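Colleague: Could you walk me through how the labels on this fold were worked out? I'd like to hear the reasoning behind each one.

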Amino acid sequence: RFLYRHRTRRMTITSLLAAVAVAISRSPPPRLSETAAAAPRYAIGVDVGTGSARAGVVDVRDGTLLGVHKQDITMWNPLPEHYEQSSEDIWAAVCNCVRGALSAAGATADEVCGVAFDATCSLVLLDSEGAPVGIDPTVPDEARRNVIVWMDHRSEEQAARINRGGHARLANVGGAVSPEMEVPKLLWLRDEMPHAFHAAATAEGGGKAL
């Protein structure tokens with residue numbers, strides 16, 4: 001539900017890290033050796049936005065933000081209302097941001113006690129082997145472009161068709177679906193790129209895919 005509200009309730013990386021720190025502070029303390037117990041305890045917050053990925057490292061003992069790193073994500077706009085990305089590019093950006101934030105904080109992976117992700121509800125298509133499935137109608141064989149970005153409106157007609165159906169489930173999304181949601185995008189794929197629709201073993205929102 002948070003992902004569908006992200007346009008009006010954006011979670012900043014600071015608030016995300018604060019939430020991680022609170023959650024960890026409320027968890028039962030693990031059984032640690034004296035050496036491990038004395039080590040710093042860091043949490044990493046990763047925010048994957050529309051145009052970039054960001055990561056931050058926080059000391060969960062006092063909430064101090066110690067290091068932040070940002071990397072842009074490639075966006076393709078092949079046709080009007082079509083916005084596409086690559087899940088491999090997004091993952092590479094996430095990994096680079098985490099490494100950069102750890103370096104800026106002077107921390108190591110062994111000192112990290114938790115990681116939290118916040119991402120948009122863009123639709124990610126993968127096949128049964130976990131490989132990307134292309135979603136660009138202008139270059140259908142370019143598998144790298146396998147993410148229909150949340151703000152993509154290619155499925156306007158499909159969203160309208162769903163809403164005309166008046167199904168009871170529409171009450172779960174405020175009475176109407178938006179082309180920015182995953183279901184109209186999947187229906188567009190079934191209508192316009194059936195080979196991609198049937199090749200996809202998983203079609204998930206950005207947060208779940210990560």
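Colleague: Let's start with aspartate 152: buried or exposed, and what makes it so?

Modeller: One thing up front: this is a predicted model, so everything here is computed from it. Aspartate 152 has a relative accessibility of 0%. The buried label applies under 20%, so aspartate 152 counts as buried.

Colleague: What makes the contact between arginine 154 and aspartate 152 a salt bridge?

Modeller: The N to O distance is 2.8 Å. The cut-off is within 4 Å, from a side-chain nitrogen of Lys or Arg to a carboxyl oxygen of Asp or Glu. Arginine 154 and aspartate 152 meet that, so the pair is called a salt bridge. The chemistry behind it is simple: side chains of opposite charge can pair when their charged atoms come close.

Colleague: Which other residue does arginine 154 pair with, at 2.9 Å?

Modeller: That's glutamate 84, with 2.9 Å between the closest N and O atoms. This pair links distant parts of the chain, 70 residues apart. Glutamate 84 sits in strand 4 (residues 84-85), while arginine 154 is in the loop between strand 7 (147-148) and helix 4 (156-165).

Colleague: How do you know whether glutamate 84 and arginine 154 are buried or exposed?

Modeller: Set each value against the cut-off of under 20%. Glutamate 84 has 0% relative accessible area, so it is buried. Arginine 154 comes in at 8%, so it counts as buried too.

Colleague: Which residues make up the salt-bridge network?

Modeller: Glu84, Asp136, Glu142, Arg145, Asp152 and Arg154 are linked in it. Across the structure there are 11 salt bridges.

Colleague: Why is the pair of arginine 164 and glutamate 157 called a salt bridge?

Modeller: Their closest N and O atoms are 4.0 Å apart. The rule says within 4 Å, so the pair is listed as a salt bridge. As for accessibility, arginine 164 has 63%, and over 50% is what earns the exposed label, so arginine 164 is exposed. Glutamate 157 has 40%, which falls between the two cut-offs and is therefore partly exposed.

Colleague: On to the sheets. In the one ordered 3-2-1-5, what makes strand 3 and strand 5 the edges?

Modeller: That sheet is open, with 4 strands and mixed pairing. Strand 3 (64-72) and strand 5 (112-119) each have a single partner strand, so one side of each is left without a neighbour in the sheet. The twist averages 15° from one strand to the next.

Colleague: What makes the pairing in that sheet mixed?

Modeller: Look at two of the pairings. Strand 1 (residues 42-48) and strand 5 run parallel and are joined by 7 bridges; tyrosine 42 has valine 112 as its bridge partner there. Strand 2 (residues 52-59) and strand 3 run antiparallel, with 8 bridges, and valine 58 stands opposite leucine 65. With parallel and antiparallel pairs in one sheet, the pairing is mixed.

Colleague: How many residues lie between strand 2 and strand 3 in their hairpin?

Modeller: There are 4 residues between them, and glycine 63 in the turn has a positive phi of about 80°.

Colleague: How do you know that strand 6 and strand 8 pair?

Modeller: Pairing takes at least two bridges. Strand 6 and strand 8 have 4, and they run antiparallel. In one of these contacts, leucine 126 stands opposite threonine 202 in strand 8. Their sheet is open and antiparallel, in the order 4-7-6-8, with strand 4 and strand 8 (202-205) as edge strands that pair on one side only.

Colleague: What about leucine 125 in strand 6: buried or exposed?

Modeller: Leucine 125 is at 0% relative accessibility, so it counts as buried. Its C-alpha atom is 5.9 Å from that of threonine 202, though the two are 77 residues apart along the chain.

Colleague: Last one: what lines the largest pocket?

Modeller: There are 18 lining residues, with Ser87, Ile90, Val124, Ala209 and Leu210 nearest the centre. Helix 3 (87-105), strand 6 (123-126) and helix 7 (206-209) are the elements giving two or more residues, and helix 3 gives the most, with 4. By class, the lining has 10 nonpolar, 7 polar and 1 charged residues. The space in this pocket is about 260 Å³.

Terms used. Residues numbered from 1 in each chain as written. Heavy atoms only, no water. Buried < 20%, exposed > 50% of the residue type's maximum accessible area, 1.4 Å probe, protein only. 1 Å grid on protein atoms, 1.4 Å probe; cavity = no way out; pocket = protein on both sides within 12 Å on 5 of 7 lines; lining within 4 Å. Points joined across faces, edges and corners; volume = space filled by probe spheres on them. Nonpolar A, V, L, I, M, F, W, Y, C, P; charged D, E, K, R; others polar. Axes fitted to C-alpha atoms, helices over the stretch in contact; angles between N-to-C directions.
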